[in-house]
Amino acid sequence: MVENIKIRGAKVHNLKNIDVDIPLGKIVAVAGVSGSGKSSLALGVLYAEGSRRYLEALSTYTRRRITQVEKAKVDLIEHVPAALALHQRPNVPGIRSTFGTSTELLNSLRLLYSRCGNYICPNGHLVESSINVSRELPLICPECHEEFYGLGAEEYAFNSDGACPKCSGTGIMRDVNIDSLVPDESLTLEEGAVESWKMFGIAWMFRMAGELGVRTDVPFKDLTKEEKNIIFYGDSVKKYIMIPSKNGKMFDLNCEYRNAIKAVKEALNNAKSEKGLTRINKYLEIKECDECHGSRINKRANSTLFNNLNITEASEKTLDELVEWLPGGIEKLPNEVKSLAEAIYEEFNDNAKSLIELGLGYLTLDRPSSTLSTGELQRVQLARTIRNQTTGVLYVLDEPSIGLHPANVDGLIHVMRELVENGNSVILVDHDTRILDVADYLIEIGPSSGVDGGNIIAKGSIEEIKNNSNSLIGKYLSHKENVIVRKKISKDQLYDEGSIYLSTSSIHTVKELELNIPKGRFSVITGVSGSGKTTLILESLYPAIKNSIDYEKMPEHINSIDYENIDKIHLIDATPIGKNVRSTVATYSGILSDIRRLYAKLDESKERNYTLKDFSYNTGKLRCPTCNGTGQISMDVQFLPDVEIECPDCEGLRYSKESEIIKYDGFSIKDLMALTIDEAIGVFLHQTKIEKKLSTLSDMGLGYLTLGEATPALSGGEAQRLKLSSHIGRNQKDTLFIFDEPTIGLHPLDVNKLIKVFDNLIKHGATIIVIEHDLDLIKNADYVVDMGPGGGLEGGEIVVQGVLDDIISSDDSITAKYL
């Protein structure tokens with residue numbers, strides 16, 4: 001019997017021709033520092049070949065309709081099963097997706113309401129559930145004897161026949177925000193009080209308002225109710241008015257009056273570009289649909305009752321609550337319908353079981369998918385996979401612990417073990433030592449990143465790794481390494497620099513809260529998934545301070561905010577940088593602009609009349625004409641999918657052969673694109689500005705990235721650190737930084753580097769607030785706020801806040817048990 005996947009000569013990305021045997025039917029972990037080549041082995045070799053070989057068995061006709069991957073760069077790979085991958089960054093769902101639709105739980109609920117619900121007849125009488133709906137026979141009202149048909153499951157779907165006619169099933173409407181139209185009521189109409197008239201090129205419209213009886217030389221706040229009504233809602237009448245031109249000459253024009261609201265609506269209808277829409281958006285607000293009140297479905301569908309609730313009210317329940325509530329309703333059904341309802345519930349429950357096991361029982365079915373965290377989206381994906389109860393499949397999990405509190409990790413571990421018990425194999429790429437600890441076998445790639453990585457530095461059982469002196473992760477698995485790497489402030493000095501105070505009323509599942517965070521310190525917000533961390537910081541604290549600094553309207557649930565002279569606020573999260581391959585590490589960091597300036601000043605450039613613009617790979621004369629500066633070309637291979645290959649002329653370096661003539665210290669600008677950040681530092685030792693930027697990136701642990709690396713391909717952790725790099729070394733007095741899980745994708749050694757970067761920012765006057773689950777980072781914080789105690793309705797409160805010892809000594813904190 002075959003026991004291993006055999007890999008020989010793997011050369012994907014930075015892998016150094018590695019040979020390895022991977023046990024089948026086990027949990028195999030792949031560890032290593034960021035950029036070492038872990039994902040190259042797991043996704044670039046194992047998943048790529050496992051999925052490709054499975055698809056090769058399909059007909060050419062079928063394969064043309066499926067996105068395929070090219071063959072992995074490996075000399076030999078044998079015994080690889082059909083593979084499924086759960087990626088680190090699931091796609092961001094659209095406005096029509098909810099937790100209920102993405103998990104297919106709502107499909108079962110809609111079927112239950114359709115076949116087993118109590119209907120309301122056309123004359124308003126309640127009709128008991130009947131088998132007639134399933135048999136496609138009419139229902140007969142016992143009161144008025146009216147015959148009518150029940151609804152099909154699709155007629156309860158807000159993405160289909162059940163949609164509310166007014167909002168088309170989105171539950172929201174875009175409307176003009178009247179408050180935004182006149183931001184400064186002390187101005188008169190002549191002085192430009194109405195923003196929408198100024199913005200859309202009809203600043204003279206105040207003259208029309210004057211013709212309609214509005215005083216134009218009186219501050220807006222002093223106008224009568226009637227005058228304000230004319231400004232906002234006045235009819236579209238035509239009148240002749242005198243309008244001056246720029247040179248003062250007067251023109252007599254027949255004009256139509258456009259009130260302030262109509263001006264915005266017309267601009268919205270005529271907007272042709274993203275830029276145009278952005279200008280208009282400041283005058284719009286998103287409101288709940290006033291017909292369906294946010295339920296998304298039409299009145300007829302919402303009239304059916306099951307266990308005394310309509311489908312909207314049922315969708316507002318958490319998954320945990322629904323699992324308990326549904327059997328009670330089934331018990332009350334007539335016998336002829338009960339067996340059908342039990343079959344539907346069984347399907348619902350099988351689906352719910354895996355989601356609850358993964359710690360998602362606190363989510364309501366109507367929760368928009370776009371508001372779920374990366375970790376929650378990934379677990380939805382995982383639950384969908386495991387409920388199929390496959391066998392003989394290779395599951396590749398790319399950092400499944402992202403966004404997971406240590407308490408939620410237990411459910412994930414149980415799911416992985418269940419997959420193996422069912423006869424599958426699990427490949428696990430992760431940094432969380434608690435998850436790595438349950439692996440049957442571990443492969444560590446390293447020793448460093450980029451060109452200095454790509455080798456196997458240790459492999460074996462967890463015990464063997466702990467005792468292997470070459471292993472970097474071993475000392476963290478054995479808990480021998482001291483994880484506190486910064487000097488924390490003493491409790492009595494916490495508030496010496498001031499404080500940030502926030503008071504909120506309830507929103508989502510978060511109760512009324514008061515938060516008091518020390519200024520100029522390192523604070524961490526913790527708590528299980530769904531406890532309210534994101535709502536507290538990203539939906540409350542961040543917009544409250546940002547809107548206050550920008551003189552914009554506060555979110556409605558903010559009661560008060562006091563932020564002690566903070567005048568700058570930065571939110572740094574893991575969203576990808578740039579949307580296409582034209583964005584590189586060199587352009588995003590600003591290094592390429594400085595390099596282009598340097599090359600344009602060289603004597604050879606002046607002789608050939610090359611300017612700063614010519615050294616741009618996007619638009620300049622020296623960009624590669626074959627790939628137009630993208631570094632890659634697309635090839636049509638008839639029956640096979642289009643293949644993106646490295647440009648054969650510039651070898652992926654984006655510049656033409658002509659660019660090779662102009663050299664600085666022996667390097668052309670084209671050569672520089674192939675250098676890593678660490679290698680480039682040696683070239684620019686005498687160019688202080690460039691060297692400083694390169695050294696900052698290296699200090700952030702990004703020294704292994706090449707200058708020409710496309711930013712959309714960076715991992716979440718790399719993207720955050722690249723964004724952060726632009727703020728390093730500056731005076732950060734009165735600046736607040738908010739980070740959303742910055743340890744995503746970081747090895748414990750890289751977490752240490754990140755903590756030192758935070759410390760550096762604090763020494764320059766910054767205040768740091770981090771939403772985080774990583775225990776090593778939490779232990780280094782000056783101040784900790786623990787949300788909970790549970791997720792969803794069982795959370796939404798501050799359980800305990802204070803220094804680390806305060807958290808550890810709390811009996812109510814789930815986080816405390818793991819610290």
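T364 is buried: its relative accessible area is 18%, and the cut-off for burial is under 20%. The model is predicted. T364 sits in the loop between α13 (335-357) and α14 (374-386). Leaving aside residues up to four places away in sequence, T364 touches F99, S315, E316, K317 and T318. N269 is not among those partners. T364 and N269 are 95 residues apart in sequence, and their C-alpha atoms are 35 Å apart in space.

**The whole protein**

The protein has 819 residues. They form 30 helices and 30 strands. A compact globule with 819 residues would have a radius of gyration near 28 Å; the protein has 31 Å, so the two agree. Along the principal axes, the C-alpha atoms fill a box of roughly 85 × 80 × 70 Å.

Of the residues, 52% count as buried. The exposed surface comes to about 37,500 Å², and carbon and sulfur atoms supply 47% of it. Take the contacts between residues at least 6 apart in sequence: 66% of them join residues at least 24 apart. Charged side chains number 92 positive and 116 negative. The centres of these two sets lie 6 Å apart.

**Helix α15**

Helix α15 covers residues 406-421, which is 16 residues. At 1.5 Å a residue, α15 should span 22 Å. Its end C-alpha atoms are 23 Å apart, which agrees. The buried residues of α15 are P406, N408, V409, G411, L412, I413, V415, M416, L419 and V420. G423 follows the helix, with a positive phi near 95°.

**Backbone features in loops**

Two cis peptide bonds and two residues with positive phi lie in loops, as follows.

| Feature | Value | Loop between |
|---|---|---|
| G446 to P447, cis peptide bond | omega about 0° | P447: β16 (441-446) and β17 (455-460) |
| G788 to P789, cis peptide bond | omega about 0° | P789: β29 (783-788) and β30 (797-802) |
| E136, positive phi | near 60° | β7 (126-127) and β8 (139-140) |
| S168, positive phi | about 55° | β9 (147-148) and β10 (172-176) |

Neither E136 nor S168 is a glycine. How exposed is E136? E136 has a relative accessible area of 65%, so it counts as exposed, the cut-off being over 50%. S168 has 42% and is therefore partly exposed.

Technical notes
Residues are numbered from 1 along each chain as its sequence is written. Side-chain values use heavy atoms; hydrogens and water are left out. Helices (H or I, at least four residues) and strands (E, at least two) are DSSP runs, numbered from the N terminus. The expected span of a helix is 1.5 Å times one less than its number of residues. Buried means under 20% relative accessible area, exposed over 50%, partly exposed in between (1.4 Å probe, protein chains only). The radius of gyration is taken over C-alpha atoms; the globule rule is 2.2 Å times the number of residues to the power 0.38. Contact means heavy atoms within 4.5 Å. Accessible areas come from the Shrake-Rupley method with a 1.4 Å probe; for residues, only the protein chains shown count as cover. Lys and Arg count as positive and Asp and Glu as negative; His and the chain ends are not counted. The place of a charge is taken as NZ of Lys, CZ of Arg, CG of Asp or CD of Glu.
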